[in-house]
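The exercises below are meant for a reader who is meeting this structure for the first time. Try each task with the sequence and the model in view, and then read the worked solution that follows.

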Amino acid sequence: MIEAIESALSFLPAGLVALIIILGKILVLVLPLMGAVAYLTYAERKVIGFMQVRIGPNRVGFFGYKLWGLGQPIADAVKLIFKETILPTNANKFLFISAPILTLAPSLAAWAVVPFDDGLVISNIDASLLYILAMTSLGVYGVIIAGWASNSKYAFIGALRSAAQIVSYEIAMGFALVGVLVAAGSLNLGEIVNAQRGSFGVLNWYFIPLLPLFVVYFISGVAETNRAPFDVAEGESEIVAGFHVEYSSMTFSVFFLAEYANMILIALLTSIMFLGGWLSPLNGILPASLLEGDSVLGLLLGDGIHWLLAKISVFLFLFLWFRATFPRYRYDQIMRLGWKIFIPITIVWLLVAAGLVVGKVGPWFS
């Protein structure tokens, strides 16, 4: 398809054609992602409402039809766009406005190297795992700057809490990623997925030999995104709304977008690194001729982006389930879990993973 676009734009300078294609790729990725973020908020309200025996949003629809409240995310977006952005007295205006952007930009930039299918990626770089780790670690700067620039004690305390929490759980996440690197022998996300391909289907995926790292990575991802039960940075009962207490209108919504975009990113990375990404769980169970054909059945049951989206949906449901189920941790409990439990577990299992790789234990490393 890209070759067809390049030939259609051949009358333009080569540099301009390359720029148009790059911008097109970004739009094709970012627009559906923003739509997914918007409707993830709707799904959260519906799912938690169901769990708590409530109805959830059900009034705002389209063209006079309620349609189960499907128009609610659009109504929320329109409301936030037209609300006034209030700057606190004595706040640093430049940093106050920059902080939401510094939070959202890294979470979007990380998607540039994420493969959705074999070859379906914006930039297929060799060190994509390292790039992901670098981008996701930058979001903490936006949180700290938001708290400091607001000229509010509540916001500042929330920012310090959030910074300490994010840094603590990033260490455990980093060690979990090193375990995947040791297992796959590559920093490229596409090669990590293909390393989980085998004749045993689900049993070839890394969630079995790296089970402790899998659990630690996902729970650390929940903490990294400041989601319940790790949302002490936004503890309403203690510090109002935490680091973004002074934000309103679109500046507040950008923080909201960053949080939900990071949730989807964590779910995606967990699926890619531990659950085989776009690989079908039916590999090795059904005949290869059935899975690889161009028939409707082959497209549905074989490898493809639909399997990746299904795995992402399961992890996103867990994010919502946790919020509806668990009470908020105390801050000392969160720090103890990150430093005294998760980090030792990941270090020990790194040695175990290295032993499995050296010993060529099958079916994962044979």
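**Exercise 1.** Find which residues of the largest nonpolar core touch the most other members, and work out which helices supply this core.

*Solution.* This is a predicted model, and its largest nonpolar core holds 66 residues, of which Leu189, Tyr217 and Met273 touch the most other members. The next step is to look at where the core residues come from: at least two of them are supplied by each of the helices H2 (14-51), H5, H7 (153-184), H8 (189-195), H9 (211-224), H11 (249-274), H14 (305-325) and H15 (331-358). The helix that gives the most to this core is H11, with twelve residues. A second core, separate and made of nine residues, includes Phe96, Val143, Ala159 and Phe255.

**Exercise 2.** Describe the surroundings of Leu189 and Ser128, and decide whether Ser128 is buried or exposed.

*Solution.* Begin with Leu189, which, when neighbours within four places in sequence are left aside, is in contact with Val113, Val114, Pro115, Ser128, Leu129, Ile132, Leu269, Ile272 and Met273. Ser128 belongs to helix H5, which covers residues 128-136. Apart from residues up to four places away in sequence, Ser128 touches Val113, Leu187, Asn188 and Leu189. The relative accessibility of Ser128 is 1%, and because buried means under 20%, Ser128 counts as buried.

**Exercise 3.** Place Val143 in the fold, and state which residues it contacts beyond its sequence neighbours.

*Solution.* Val143 sits in helix H6, residues 139-149, and with a relative accessibility of 4% it counts as buried. Once neighbours within four places in sequence are left aside, the contacts of Val143 are Thr103, Ala159, Ser162 and Phe243. A further distance can be read along the chain: Ala155 is twelve residues from Val143, and the C-alpha atoms of the two are separated by 9.5 Å.

**Exercise 4.** Determine how many helices and strands the protein chain has, and why it can be called as compact as a globular protein of its length.

*Solution.* The secondary structure comes to 15 helices and zero strands. The radius of gyration is 22 Å, which is close to the 21 Å given by the globule rule for 366 residues, so the chain is as compact as a globular protein of that length. Along its principal axes, the C-alpha trace spans about 65 × 60 × 50 Å. Burial can then be added to the picture, since 44% of the 366 residues count as buried. Among contacts with a separation of 6 or more, 76% come from residues 24 or more positions apart. Turning to the outside, the chain exposes about 18000 Å², and carbon and sulfur atoms supply 72% of that area.

**Exercise 5.** Locate the cis peptide bond from Ala228 to Pro229, and find where Asn151 and Lys360, with their positive phi values, lie.

*Solution.* The bond from Ala228 to Pro229 is cis, with omega near 5 degrees, and Pro229 lies in the loop between H9 and helix H10 (236-239). Asn151, although not a glycine, has a positive phi of about 60 degrees; it lies in the loop between H6 and H7 and is partly exposed, with a relative accessible area of 47%. Lys360, also a residue other than glycine, has a positive phi near 55 degrees. Lys360 is found in the segment after H15, where its relative accessible area of 59% makes it exposed.

How values were computed: Residues numbered from 1 in each chain as written. Predicted model: local features only at pLDDT ≥ 70, side-chain atom pairs only at ≥ 80, totals over all residues. Heavy atoms only, no water. Helix = DSSP H or I, 4+ residues; strand = E, 2+ residues; numbered from the N terminus. Buried < 20%, exposed > 50% of the residue type's maximum accessible area, 1.4 Å probe, protein only. Contact = heavy atoms within 4.5 Å. Rg over C-alpha atoms; globule rule 2.2 N^0.38 Å. Areas by Shrake-Rupley, 256 points an atom, 1.4 Å probe, with all protein chains shown as cover. Core = buried A, V, L, I, M, F, W, Y, C linked by side-chain atoms within 4.5 Å.
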